[in-house]
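Biologist: Before I plan anything around this protein, I would like to learn how to read its helices, strands and unusual backbone positions. Could we go through them one at a time?

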Amino acid sequence: MQAKDLVQLAEQFGSPLYVYDAAKIQSQYKRLTDAFSKVEKLRINYAMKALSNVAILQLLRECGSCLDAVSIQEVQLGLHAGYSPDQIFFTPNGVSLEEIEEVSAMGVQINIDNLSILEQFGTKHPNVPVCIRINPHVMAGGNANISVGHIDSKFGISVHQLPHLVRIVENTKMKIVGIHMHTGSDILDIEVFLYAAEILFDAARSFKELEFLDFGSGFKVPYKKDDIETDIEELGNKLSKRFNAFCKEYGKDLTLIFEPGKFLVSEAGYFLAKVNVVKQTTSTVFAGIDSGFNHLIRPMFYGSQHHIENISHPKGKERFYSVVGYICETDTFANNRRISEINEGDILCFKNAGAYCFSMASNYNSRYKPAEALWLNGEGHLIRAQETFEDLLKNQIPLPVETAAV
Ligand SMILES: *Cc1c(COP(=O)(O)O)cnc(C)c1O
């Protein structure tokens, strides 16, 4: 889709607005499945926490995707979007035994990531097939917030606890059908990934009834110019060979599973916001937009860089701007960024706004969450209306009038 389409959508649906390009989601899905075409049984579980709009879930379902859910509410959303229970995996962290039992009773594959719940669940439900999440202790990427496989991580069962894990499985007679790992959101190096995969293969040898191996995600997408992107084709080539060899050794065609979020939806997303005010100070020029970290928290939360373009005047002379929000605290999207000359009323477009953007939005400052639109077959479809004042009041219980007066 083109900049003029985005400008038109901002006019049609107002700002701020999230826009998702369906064709980009479809092509990323195809790229991933093509890269692993040499694997007999491949399954993609879209990590829906990245972007959980029902229309997006429907689109990915049509691509052939299954789902990875991390809460019972995500499971319910997935079912609502038309997925059958057997198309959903439940990969939570730190949730209660009750929630896991409830999801399991719905017919959804559960993935257990600690020995305590494994023992309790296996004792009560020895006949329910279970997947286990292993922590291979592989450090992928440099940001401790998003590297979940290392030694201090709260995720997964340490691979060093394998003997205890096997004992629990033998004692409870539970059936382990899958092994899972998810080493974080930043695989820079394919060799690191392959190294972790070997650890998973090793662990897999301890279980005789496996049906699948789940390699999680961690595919990196470029956010700014010169960013490294995971070479999916090279990973597909190398891991497929290794996986097929392992299946031969294991004596069974296992299913290879990935659960990408960012890879499928990040680059498909655009966030559009209008410039309310251009403010000169002694040290910089601020462009203040009609949004804030209530709508897009990644720059403030993770220090993420989202490329910003002035799509109202893309050809203007470039100047340096600090792009900031309207939230009443420091709310910076970009510092000292070169953007073509900004006038009040211009629409700025933030790239890579598909993953962990709307899904992390809040009502801070009592602002409405923005609308979302899907660009499909050359046309914009509103897939979520902007909130209204009623949404802010919903669930609030005011005091009776007399009490409030005291
Ligand atoms: C968040 C998450 C993913 C998706 O990670 P991306 O970096 O968005 O691809 C996959 N698996 C699990 C278990 C997750 O929690």
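Modeller: Let us begin with a helix and its surroundings, bearing in mind throughout that this is a predicted model. The buried residues of helix 5 are covered by elements that include helix 4 (72–80), strand 4 (88–90), strand 5 (109–112) and helix 6 (115–124).

Biologist: Which residues of helix 5 are the buried ones?

Modeller: Within helix 5, which spans residues 97–105, they are Leu-97, Glu-99, Ile-100, Glu-101, Val-103 and Ser-104. Just after helix 5 comes Gly-107, whose phi is positive, at about 95°.

Biologist: How should I read the sides of a helix, and what does helix 1 show?

Modeller: The general idea is that an α-helix has 3.6 residues a turn, so residues three or four places apart point the same way. In helix 1 (residues 3–13), the buried residues are Asp-5, Leu-6, Leu-9 and Ala-10. Because these residues cover an arc of only 140° around the axis, they lie on the same side of helix 1. Lys-4 and Glu-11, on the other side of helix 1, are exposed.

Biologist: Which elements do the buried residues of helix 1 pack against?

Modeller: They pack against strand 1 (17–21), strand 11 (269–280), strand 16 (347–350), strand 17 (371–376) and strand 18 (379–384). Just after helix 1, Gly-14 has a positive phi of about 85°.

Biologist: What joins Ser-15 and Pro-16?

Modeller: Here the general expectation helps: most residues other than glycine have a negative phi, and most peptide bonds are trans. Ser-15 and Pro-16, however, are joined by a cis peptide bond with omega of about -5°, and Pro-16 belongs to the loop between helix 1 and strand 1.

Biologist: Where are the residues other than glycine that have a positive phi?

Modeller: One of them is Asn-336, with phi near 55°, and its place is in strand 15 (residues 332–340). Asn-336 counts as exposed because its relative accessibility is 55%, where the cut-off for exposed is over 50%. Another case is Tyr-356, with a positive phi of about 60°, found in the loop between strand 16 and strand 17. Tyr-356, at 14% relative accessibility, counts as buried.

Biologist: Turning to strands, how many residues of strand 1 are buried?

Modeller: In strand 1, 5 of the 5 residues are buried, so this strand is largely enclosed by the rest of the structure. Both of its faces are covered, with Leu-17, Val-19 and Asp-21 buried on one side and Tyr-18 and Tyr-20 buried on the other. As for its partners, strand 1 pairs with strand 17 in the parallel sense over 5 bridges, and Tyr-18 stands opposite Glu-372 there. Strand 1 and strand 11 run antiparallel and are joined by 4 bridges, with Tyr-270 of strand 11 as the bridge partner of Val-19.

Biologist: Which strands pair with strand 2?

Modeller: Strand 2 (residues 42–47) pairs in the parallel sense with strand 10 (residues 255–258) over 3 bridges, and Arg-43 has Ile-257 as its bridge partner in strand 10. Strand 2 also pairs in the parallel sense with strand 3 (residues 66–69), over 3 bridges, where Ala-47 has Asp-68 as its partner. Since 5 of the 6 residues of strand 2 are buried, this strand is largely enclosed by the rest of the structure.

Biologist: How do I read two helices that lie against each other?

Modeller: Two packed helices are described by the angle between their axes and the distance between the axes. For helix 6 and helix 7 (residues 162–172), the axes come within 9 Å and cross at roughly 10°. The two helices are therefore roughly parallel to each other, as angles under 35 degrees count as such. Leu-115, Leu-118, Glu-119, Gly-122 and Thr-123 of helix 6 meet His-164, Leu-165, Ile-168 and Thr-172 of helix 7. By class, this contact has 4 nonpolar, 4 polar and 1 charged residues.

Biologist: Is Gly-216 buried or exposed?

Modeller: Gly-216, in the loop between strand 9 (212–214) and helix 9 (232–250), is buried, with a relative accessible area of 0%. Beyond its neighbours within four places in sequence, Gly-216 is in contact with His-180, Met-181, His-182, Ile-257, Phe-258, Glu-259 and Pro-260.

Terms used:
Residues numbered from 1 in each chain as written. Predicted model: local features only at pLDDT ≥ 70, side-chain atom pairs only at ≥ 80, totals over all residues. Heavy atoms only, no water. Buried < 20%, exposed > 50% of the residue type's maximum accessible area, 1.4 Å probe, protein only. Arc of directions from axis to C-beta. Contact = heavy atoms within 4.5 Å. Pairing = 2+ DSSP bridges. Axes fitted to C-alpha atoms, helices over the stretch in contact; angles between N-to-C directions. Parallel < 35°, antiparallel > 145°, perpendicular 65-115°, else oblique. Nonpolar A, V, L, I, M, F, W, Y, C, P; charged D, E, K, R; others polar.
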